[in-house]
Amino acid sequence: MVIAILYDLNVFVVSAIIATFIYASYRDLLSREIPEVTWLPAYLITVVSAVMKFLGGHILPLGALLSIMPALTYLVLFLTGLIGGADFLALLLVSIAHLHEPLVPLLTFVISSLIPVPLVLLNLIENTVISRKVIDSIVCVQGSKKFLYFIGRPTTVIQFLKKRYVFLHTYPIEGGYICSSSIDVDIDFEKQREMIEEALRRGLMKPEDYVIYSPALPHVVFIALSYPIALLITLYLNL
């Protein structure tokens with residue numbers, strides 16, 4: 001009886017998460033903005049389920065610790081300004097839902113990283129081999145460009161203005177740039193573009209000058225796609 005209830009609850013939780021991921025992915029692709037309220041129903045369902053499993057003795061301390069590790073990794077990345085809050089909330093939701101089966105959040109974490117991690121390596125290769133002179137020519141009046149070799153890529157101002165969802169890492173000021181490796185998760189992409197246009201009008205930079213940017217990847221979409229794959233792999237391994 002208890003097992004049947006827990007099974008039905010698991011199906012309900014997984015369904016709630018997938019439904020939430022579908023809507024969150026749509027918002028992420030549409031505007032790179034996901035309202036916090038999007039996560040609330042799935043979190044309520046998931047937390048209630050986790051409490052019931054814990055009280056029933058179905059969650060082991062070691063398994064729970066392993067399950068939460070991917071979310072803790074994302075928390076560190078969020079606090080250091082390298083990812084958005086929605087990415088953390090998405091993976092934390094998976095971790096809480098599967099405290100009893102850590103393989104699911106671990107696989108979701110690994111699979112969803114298969115696109116961003118290679119991009120970091122490609123940035124490093126491009127910036128140290130192909131675009132080294134361009135990077136070296138950028139003068140950081142404030143901040144450092146050390147980490148920009150990993151997360152950013154150079155482009156001309158005129159090309160930057162044509163891009164839609166990008167984070168700027170070199171802000172023009174008198175004498176050079178303010179360089180930052182973090183991202184502003186609340187950035188207004190249109191206002192960011194207007195700021196560059198204003199810098200052009202003021203003569204702080206020219207259209208052929210270079211700035212460093214990083215694409216605003218729809219990482220919630222990567223997590224949403226990785227989650228059912230992780231579920232299927234885990235189900236196959238448990239057969």
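Let's start with Asp-28, which sits in helix H1, the stretch from residue 2 to residue 31. Keep in mind as we go that this is a predicted model. Is Asp-28 buried or exposed? Asp-28 is buried, and yet this residue has no salt bridge. The nearest side chain of opposite charge belongs to Arg-32, and that side chain is 4.7 Å away. A salt bridge here needs a side-chain nitrogen of Lys or Arg within 4 Å of a carboxyl oxygen of Asp or Glu, so this pair does not make the list.

Which residues does Asp-28 touch, then? If we skip residues up to four places away in sequence, Asp-28 touches Ile-34, Pro-218, His-219, Val-220 and Val-221.

Now look at Arg-32 itself. You'll find Arg-32 in the loop between H1 and helix H2, where H2 covers 40–55. Arg-32 is partly exposed, with a relative accessible area of 23%. Its backbone deserves a glance too: Arg-32 is not a glycine, but has a positive phi of about 65 degrees. For background, most residues other than glycine have a negative phi.

Let's turn to the salt bridges. How many does the structure hold? There are 4 salt bridges in the structure, and I'll walk you through some of them. The general idea is friendly enough: side chains of opposite charge can pair when their charged atoms come close.

One of them joins Asp-136 to Arg-132, with the closest N and O atoms 3.4 Å apart. Both residues belong to helix H7, residues 132–137, and because they are 4 residues apart there, about one helical turn separates them. Asp-136 counts as partly exposed, at 44% relative accessibility. Arg-132 counts as partly exposed as well, at 40%.

Next, please move along to helix H10, which runs over residues 189–201. Here the side chains of Arg-193 and Glu-190 meet in a salt bridge, 2.8 Å from N to O. These two are 3 residues apart, again about one turn of the helix. Buried or exposed, what would you guess for Arg-193? Arg-193 counts as buried, because its relative accessibility is 14% and the limit for buried is under 20%. Its partner Glu-190 is partly exposed, at 41%.

Helix H10 has another pair for us. Arg-201 forms a salt bridge with Glu-198, and their closest N and O atoms are 2.9 Å apart. Being 3 residues apart in H10, these two are also separated by about one helical turn. Arg-201 is exposed, at 60% relative accessibility, whereas Glu-198 is partly exposed, at 34%.

Why does this spacing suit a helix? An α-helix has 3.6 residues a turn, so residues three or four places apart point the same way.

Let's leave the charges and find some nonpolar surface. Leu-62, Leu-65, Leu-66, Met-69, Leu-72 and Leu-106 make a nonpolar surface patch of about 510 Å². Which helix gives the largest share of the patch? That is helix H3, residues 61–79, which supplies 5 residues. Leu-62 is found in H3, and this leucine is exposed, with a relative accessible area of 59%.

For a contrast, turn to helix H4, residues 85–97. H4 has 13 residues and reaches 18 Å from its first C-alpha to its last, close to the 18 Å expected at 1.5 Å a residue. This helix is mostly covered, with 11 of its 13 residues buried. Among the buried ones are Phe-88, Leu-91, Val-94 and Ile-96, along with Asp-87 and Ser-95.

Two more residues before we finish. Leu-103 is found in helix H5, residues 103–112, and counts as partly exposed at 34% relative accessibility. Beyond the residues up to four places away in sequence, Leu-103 touches Thr-234 and Leu-237. Where does Met-195 lie from Leu-103? The two are 92 residues apart along the chain, and their C-alpha atoms are separated by 45 Å.

Last comes Thr-155, in strand S2, residues 153–156. Thr-155 is buried, at 10% relative accessibility. Leaving aside neighbours within four places in sequence, Thr-155 is in contact with Phe-160, Lys-163, Asp-209, Tyr-210, Val-211 and Tyr-213. Do look those contacts up on the structure, and thanks for listening!

Technical notes
Residues are numbered from 1 along each chain as its sequence is written. This is a predicted model: local features need pLDDT of at least 70, side-chain atom pairs count only at pLDDT 80 or more; totals for chains, interfaces and linings use all residues. Side-chain values use heavy atoms; hydrogens and water are left out. Buried means under 20% relative accessible area, exposed over 50%, partly exposed in between (1.4 Å probe, protein chains only). Lys and Arg count as positive and Asp and Glu as negative; His and the chain ends are not counted. Contact means heavy atoms within 4.5 Å. Patches are made of residues with over 30% relative accessible area and no salt bridge: like charges are joined within 9 Å, nonpolar side chains (Val, Leu, Ile, Met, Phe, Trp, Tyr) within 5 Å. Accessible areas come from the Shrake-Rupley method with a 1.4 Å probe; for residues, only the protein chains shown count as cover. The expected span of a helix is 1.5 Å times one less than its number of residues.
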